[in-house]
Amino acid sequence: MPIEKRTLNLKDGGQAAFDKIKLTPASADNQSEYVLIAAPGLRETTHSGKILSLAKGCLEKGFSNFYVMNYRGSCSTPLTSKRMSFACGKYNHIDECVADIETRFPNKKIVLIGACLGAMSVIDYLSRPEANRPSIVGGVLHSCNWKLDPATLGVTSGINYHLFNKHLVKDTLMRVKKNANGQERALKRRMV
């Protein structure tokens with residue numbers, strides 16, 4: 001599948017590959033009212049089978065704008081800052097990717113797609129105030145752990161927590177639970 005390689009310069013001096021996967025010519029970019037932004041899993045990039053398969057399915061259904069947020073240092077982008085790209089279910093540049101799309105496609109609706117551990121990043125981002133943007137109309141979780149509490153347990157407890165993850169994930173579980181409770185209440189309201 002053709003991939004248009006893009007590098008996003010981040011506010012902190014870092015860079016991340018923010019690639020577009022294409023099945024259609026550039027003239028088709030304005031035909032779809034949606035822009036899909038995928039957050040890959042821990043060992044995935046634009047070139048991973050799962051991401052390419054997901055992109056192909058979406059593009060075949062008429063979504064002509066499919067972008068992939070890659071980790072810093074992946075897809076041949078240099079590491080230009082000390083900030084980590086990914087830490088236990090949190091991308092620190094989702095907001096900058098969304099802002100880039102809003103600038104380039106001001107009237108498009110944005111759907112965030114999280115694959116595997118990237119799904120936890122999407123949940124984390126959507127639970128934050130900066131995700132309260134009119135352009136974001138949805139999130140899709142693909143291959144996400146159904147029970148998020150056990151999935152985050154390994155990084156939020158024990159020696160792992162004290163040596164490395166304490167400052168990175170101390171509130172992840174709280175936000176995941178808060179977001180899950182909010183989603184459950186919203187579903188109940190819709191069913192009434």
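In this predicted model, strands S4 and S5 run parallel and are joined by three bridges. One of the contacts across this pairing sets Leu36 against Phe66, its bridge partner in S5. To get from one strand to the other, the chain goes by way of helix H1 (residues 49-60), and S4, H1 and S5 together make a right-handed β-α-β unit. S5 also pairs with strand S3 (residues 15-21), this time in the antiparallel sense and over four bridges. Phe66 turns up here too, as the bridge partner of Ile21.

S5 itself is a short run, residues 66-69, and both of its faces are covered. In a regular strand the side chains alternate between the two faces of the sheet. True to that pattern, Phe66 and Val68 sit on one side of S5 and Tyr67 and Met69 on the other, and all of them are buried.

On its other pairing, S4 (residues 34-39) meets S6 in the parallel sense over six bridges, with Leu36 standing opposite Val111. Leu36 thus shows up in bridges to both neighbours, facing Phe66 in S5 and Val111 in S6. S6 then carries the pattern on to strand S7 (residues 136-142): the two run parallel and are joined by six bridges. Gly114 and Leu141 stand opposite each other in this pairing. The link from S6 to S7 passes through helix H3 (residues 117-126), and this β-α-β crossover is right-handed as well. How enclosed is strand S6 by the rest of the structure? Six of its seven residues (109-115) are buried, so S6 is largely enclosed.

A closer look at S4 brings up Ala38, which is found in that strand. The residue is buried, with a relative accessible area of just 1%. Beyond its sequence neighbours, Ala38 is in contact with Phe66, Tyr67, Val68 and Met69, and also with Ile113. The first four of these make up the buried residues named for S5, while Ile113 falls within the range of S6 (residues 109-115). Between Ala38 and Phe18, which are 20 residues apart along the chain, the C-alpha atoms are separated by 9.6 Å.

Phe18 comes up again in the nonpolar packing. The largest nonpolar core has 20 residues, and those touching the most other members are Phe18, Ile37, Val98, Ile101 and Leu112. S3, S4, S5, H2, S6 and H3 each supply at least two residues of this core, and H2 gives the most, with four. Apart from it lies another core, of 13 residues, among them Ile21, Leu59, Val68 and Val111. In soluble globular proteins, nonpolar side chains tend to be buried together.

Leu112 gives a feel for how the largest core is put together. Leaving out residues within four places in sequence, its contacts include Ile37, Ile94 and Val98, along with Val122, Tyr125 and Leu126. Leu112 also reaches Gly138, Gly139 and Val140, which fall within the span of S7 (residues 136-142).

Not everything buried is nonpolar, though. Asp100 lies in helix H2 (residues 94-104), and at 15% relative accessibility this residue counts as buried. Past its sequence neighbours, Asp100 touches Arg6, Leu8 and Phe18.

Aromatic rings add another set of links. The structure holds three aromatic pairs. In one of them, the rings of Tyr34 and Phe63 have their centres 5.9 Å apart and their planes at 65°, so the pair is edge-to-face. Tyr34 belongs to strand S4 and Phe63 to the loop between H1 and S5, so the pair ties together parts that are 29 residues apart in sequence. Both partners are partly exposed, at 25% relative accessible area for Tyr34 and 27% for Phe63. Elsewhere, ring pairs link Phe18, Tyr67 and Phe105 into a cluster.

Stepping back to the chain as a whole, there are six helices and seven strands, which run β-β-β-β-α-β-α-β-α-β-α-α-α from the N terminus on. Buried residues account for 44% of the 192 residues. Among contacts between residues at least 6 apart in sequence, 73% join residues at least 24 apart. The chain exposes about 10,500 Å², of which carbon and sulfur atoms supply 56%.

Terms used. Residues are numbered from 1 along each chain as its sequence is written. This is a predicted model: local features need pLDDT of at least 70, side-chain atom pairs count only at pLDDT 80 or more; totals for chains, interfaces and linings use all residues. Side-chain values use heavy atoms; hydrogens and water are left out. Buried means under 20% relative accessible area, exposed over 50%, partly exposed in between (1.4 Å probe, protein chains only). Two strands pair if DSSP finds at least two bridges between them. A crossover is right-handed if, with the strands pointing away from the viewer, the path from the first strand over the helix to the second runs clockwise. Contact means heavy atoms within 4.5 Å. Rings of Phe, Tyr and Trp (its six-membered ring) pair if their centres lie within 6.5 Å; planes under 30 degrees apart count as stacked, over 60 as edge-to-face and the rest as tilted. A nonpolar core is a set of buried Ala, Val, Leu, Ile, Met, Phe, Trp, Tyr and Cys residues joined through side-chain atoms within 4.5 Å. Accessible areas come from the Shrake-Rupley method with a 1.4 Å probe; for residues, only the protein chains shown count as cover.
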